[in-house]
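Work through the exercises below with the sequence and the model at hand, and try each task before you read its solution.

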Amino acid sequence: MTTVGIGLSSGVSAAEVLAAVDAVLPPVAGPVRLATLDTRSTEPGLVAAAARRGWPVTGHPAADLAAVLVPTPSPAVAARVGTPSVAEAAALLGGGELVVGKTVHGRVTVAVARLPDAAGTAVDAEDRGGPVTPDPAGELLHPVGLRLAGRPVVVVGGGATAHRGVAGLRAAGAVVTVVGPEVTPALESLATTGGIAWERRPYGAGDLAGAWFALAASGDPAVDAAVAAEAEQARIFCTRADDPALSSAALPVAGRAGDLVVAVHRAADPRRAAGVRNAVLAGLGDGTLALRSPDAGAAPGRVVLVGGGPGDPGLITVRGRQALAEADVVLVDHLAPRSLLTCLAPGAEVIDAAKLPRGRFMAQERINDLLVGHARAGRRVVRLKGGDPFVFGRGMEELAACTAAGVPVEVVPGVTSAVAVPALGGIPVTHRGLTHEFVVVSGHLPPGHPQSLVDWAALGRLRGTLVVLMGVETAPAIAAALVEHGRAPDTPVAVVADGSTATQRSVRTTLAGLPQVLADGGIRPPAVWVVGEVVSLATVSEGAPAVRRDRA
């Protein structure tokens, strides 16, 4: 009997489970069973994977798994689920010998154990399937991170491949010289503005003199071979884009997550390497891979003001997801994408700082005090808002409060609903030949209110697009003021309610008809309404979002 112990995240697919098992499962002659924590044994992906292979699934209580002595315990796992290793403990609980230790494959962790055979002899080493990963690595590359900031680098070639290489080199701070008779428009622009130097001619011997690194990307194998030969002679590391195997250096597929650089080498299968990189970056972004450093608790407290976008959790920025994964405390608004709170680290404190329209709210002064107080206590604090924190989000007030208190603060911009929600309703706020301007205005206070700072007379004379936020209840007064000051009563208007969410709906009308349409449609906040000829570009029927997004 072979037992495969499995630890997995919620929502993992059957394909992910089977890929992880197949990567480590040695050749087997007898039955196979899957084992995991009892609370995970009914995960649809795990159940489906077992059904495809005809394997039974056993779920064990955390207390039973905690009693098993495992080779590679994890304090973090123990704190989260009550056992130091779900995979190894589940594999060993039925007895036998561990033949494949705990290995992590994306969101699935696996370990393999076998019972002794009928004669009482444990599985011999030759039956263990070789290395943990059955496909041999072939040539092993020594990964090195080059510090190229301020150091000269030469790129030979000016096409798309060279363009990509230049982008990475400039991100590392290298002083880049491109050699080639022609370059892409983007590289030409960089050369014009001094971002790179461009030698507008074919490559010639001696062009690598003084370089620390070279990239041969001319598209001509003979030229690239000559570049690599010169680099070899001068002991300059070089990458050949046309044939990395003939290079002294192989570039990994790489990506950034905050201050981390994720690089994966897989010369024989670059697409697999890209997939691994993307999986790691996605895990760092959504919090399924912990981003915290071991000494994070000793770091000084800080505040991150995060714009969460218009509501769909997929529209938050990567940096915003990273900040949430690191957070000890999160102060969240009611319009922020609250489903992201499920990705927080265990023990993270969530504080409801909602401000309901004409209803309950947490005073801004109290929010400021909480941000400063928790940061001074050494915690990492995230202020999670809807939209962008600096677009009617009081982000500057919170930034000022933290700065005055000497608390480090970072601003993570968000996708503002002023642009995103109309776009999801099929309405561009600008369009060539139709409008050269758009204005975003708060409708929180109606025209004529003594505290209003809006020049409604000027907006009435505006020919471009007007986007109104927080203006559902004040819409009749605003529409009347716009007409009074010059806008035609039949000016097209679109209202998009619950933008980017599963309940999004759109209605179209005119300035004259807006009050009645809002009343008849029962439109409630949050809603964005747009005034201008761009509304006529929307081709969808009323009540349906123009752009449908897969929210599964």
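The exercises that follow deal with a helix pair and with salt bridges.

This is a predicted model, in which local features need pLDDT of at least 70 and side-chain atom pairs count only at pLDDT 80 or more, while totals for chains, interfaces and linings use all residues. Residues are numbered from 1 along each chain as its sequence is written, and side-chain values use heavy atoms, with hydrogens and water left out.

**Exercise 1.** Describe how helix α11 and helix α12 pack.

*Solution.* Begin by locating the two elements, which are α11 at residues 364-376 and α12 at residues 395-404; helices here are DSSP runs (H or I, at least four residues), strands are E runs of at least two, and both are numbered from the N terminus. Next, take the geometry: the axes, which are lines fitted to C-alpha atoms over the stretch in contact, with angles running from 0 to 180 degrees between N-to-C directions, lie 9 Å apart at an angle of about 45 degrees. The two helices are therefore oblique to each other, since angles under 35 degrees count as roughly parallel, over 145 as roughly antiparallel, 65 to 115 as roughly perpendicular and the rest as oblique. Finally, list the contacts (heavy atoms within 4.5 Å): Q364, I367, N368, L371 and V372 in α11 meet E397, E398, A401 and C402 in α12.

**Exercise 2.** Which parts of the chain does the salt bridge between D333 and R383 tie together, and are these residues buried or exposed?

*Solution.* Recall that a salt bridge is a side-chain nitrogen of Lys or Arg within 4 Å of a carboxyl oxygen of Asp or Glu. The side chains of D333 and R383 meet this condition at 2.8 Å, N to O. D333 lies in the loop between β14 (329-332) and β15 (349-352), whereas R383 is in strand β16 (residues 380-385), so the bridge joins parts that are 50 residues apart in sequence. Both D333 and R383 are buried, where buried means under 20% relative accessible area, exposed over 50% and partly exposed in between (1.4 Å probe, protein chains only).

**Exercise 3.** Place the salt bridge between E410 and R319 in its surroundings.

*Solution.* The N to O distance in this pair is 3.0 Å, and the partners are 91 residues apart, with E410 in strand β17 (residues 409-412) and R319 in helix α10 (residues 318-326). E410 is partly exposed at 28% relative accessibility, and R319 is partly exposed at 23%. As a last step, look beyond the pair: R302, R319, E326 and E410 are linked in a network of salt bridges.
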